[in-house]
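Here is a walk through one protein model, strand by strand and helix by helix. Keep the structure open and follow along.

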Amino acid sequence: MKNLLVPIGSGGNAINTLQYAIDFAQVTQAKVYVVQVFESTRVAGSLKNIEVLLEEDAIKELKGIIAQVDKKDVDVILKSIKGQIIDSLEWLAHHLNIDLIISSAKSISTDETLFLGKIPGSLVKDTPFPVLVVPSQYRFKSISKILMAVKSGKIKSDADLDPLKNMIAIFKSKLDLIQVITPKSTENDLEVNIALKALSSTFKTTENATIFQGVLEHLHQSEPDMLCVMRRKRGFFTKLWEKDTIKKSQFESRIPLLILKGRI
């Protein structure tokens, strides 16, 4: 886990998210790429000159945020790029060989009913990269225990587990794996990937109406430092992320949420 991408908006969570990413990077020995995307606006005058001004403003804002965090001994690199936010972030993530995107839960949104705002929600929904969502005001601490909830235990590629595997190795974390059997579970869902099961310290099955209910049931028992789920092309989380935002009534995590990208 060598390269982390941290998209920064103008919201109040930017400083806290960046500090979390820096603290995380200090342990993982990763580089932190802090990026702000600006969109050019066609107005009277030289478009090129306007874009230069917009880029300068974006860099100035990033430097202002950087000045308010403790960089420690982490290599923090500022990036300002022009374009559509999600397309630009995805392009940059590919270009920089990003291993993990670290995002605030709500970015610039002030809607208190939301758990996940539009930009982080779109990163989860529309890009192929694993995303670590940091709740508002959450302070970094060592990840001793991870709770992972799955409905289907089948995984098409073991490589989809690499971010989780790396985190367990770096932090020497214990993984509590729970398989939530819902009324819509099938026989195929009950099969659990060998590599996933090998990562876990404990494995339990539970019967609940939804994965979220299964998570809530085990959060207090497990007391994890991180929650992990897998977004697939079908299932509960696919339906959950049909829109770019998620309301707290649908799903919420008050600890960092690692979202892996499954391929089935």
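Start with one pair of residues: Leu4 has Leu100 of β4 as its bridge partner. Bear in mind that this is a predicted model. β1 and β4 run parallel where they pair, over two bridges. On β2, Lys31 is the bridge partner of Asn3. That pairing of β1 with β2 is parallel too, over five bridges.

Now look at the side chains of β1. Asn3, Leu5 and Pro7 point one way, Leu4 and Val6 point the other way, and all are buried. Five of the five residues of β1 are buried, so the strand is largely enclosed by the rest of the structure.

Step back to the whole protein. Its secondary structure comes to eight helices and twelve strands. The protein has 264 residues, and 52% of them count as buried. Among contacts with a separation of 6 or more, 82% join residues 24 or more positions apart.

Next, the sheet. It is open and has ten strands, in the order β3-β2-β1-β4-β6-β12-β10-β7-β8-β9, with mixed pairing. Which strands form the edges? They are β3 (76-82) and β9 (202-207), each of which pairs on one side only. From one strand to the next, the twist averages 25 degrees. At the β9 end, β8 (residues 174-181) pairs with β9 in the parallel sense, over six bridges. There, Asp176 stands opposite Thr202 of β9.

Helices pack on this sheet. Helix α1 (residues 14-28) touches β1 (3-7), β2 (31-38), β3, β4 (100-104), β6 (131-134) and β10 (226-231). The direction of α1 makes about 150 degrees with that of β4. Helix α5 also packs on the sheet, where it touches β4, β7 (145-150), β8, β10 and β12 (257-261). The direction of α5 makes about 140 degrees with that of β12.

Stay with α5, which spans residues 162-171. Its residues Pro163, Leu164, Met167, Ile168 and Phe171 are buried. Why do they sit on the same side of α5? They cover an arc of only 135 degrees around the axis, which puts them there. Just after α5 comes Lys172, with a positive phi near 55 degrees.

The two helices also meet each other. The axes of α1 and α5 come within 10 Å and cross at roughly 70 degrees. α1 and α5 are therefore roughly perpendicular to each other. From α1, the contact is made by Phe24, Val27 and Thr28. From α5, Met167, Ile170 and Phe171 take part. By class, the contact has five nonpolar residues, one polar residue and no charged ones.

One residue of α1 deserves its own stop. Tyr20 lies in this helix. Is Tyr20 buried or exposed? At 2% relative accessibility, Tyr20 counts as buried. Leaving aside residues up to four places away in sequence, Tyr20 touches Ile102, Leu132, Val134, Tyr138, Arg139, Phe140, Ile143, Met226 and Pro256. One of these contacts is with Tyr138. Tyr20 and Tyr138 are 118 residues apart along the chain, yet their C-alpha atoms are separated by 7.9 Å.

Turn to helix α3, residues 85-95. Its buried residues are Ile86, Ser88, Leu89, Leu92 and Ala93. They span an arc of only 160 degrees around the axis, which puts them on the same side of α3. On the other side of α3, Asp87, Trp91 and His95 are exposed. What do the buried residues of α3 pack against? Their partners are β1, β2, β3 and α4 (118-126). α3 is followed by Asn97, whose phi is positive, near 55 degrees.

The loop between α3 and β4 holds Ile98. Ile98 is buried, with a relative accessible area of 7%. Beyond residues up to four places away in sequence, Ile98 touches Asn3, Leu4, Leu5, Tyr33, Leu92, Ala93 and Phe129. Asn3, Leu4 and Leu5 bring the walk back to β1, where they are buried. Another long-range pair is Ile98 and Val32: they lie 66 residues apart along the chain, and their C-alpha atoms are separated by 9.6 Å.

Key:
Residues are numbered from 1 along each chain as its sequence is written. This is a predicted model: local features need pLDDT of at least 70, side-chain atom pairs count only at pLDDT 80 or more; totals for chains, interfaces and linings use all residues. Side-chain values use heavy atoms; hydrogens and water are left out. Buried means under 20% relative accessible area, exposed over 50%, partly exposed in between (1.4 Å probe, protein chains only). Helices (H or I, at least four residues) and strands (E, at least two) are DSSP runs, numbered from the N terminus. The arc is that of the directions from the helix axis to the C-beta atoms. Two strands pair if DSSP finds at least two bridges between them. Axes are lines fitted to C-alpha atoms, for helices over the stretch in contact, and angles run from 0 to 180 degrees between N-to-C directions. Contact means heavy atoms within 4.5 Å. Angles under 35 degrees count as roughly parallel, over 145 as roughly antiparallel, 65 to 115 as roughly perpendicular and the rest as oblique. Ala, Val, Leu, Ile, Met, Phe, Trp, Tyr, Cys and Pro count as nonpolar, Asp, Glu, Lys and Arg as charged, and the others, Gly among them, as polar.
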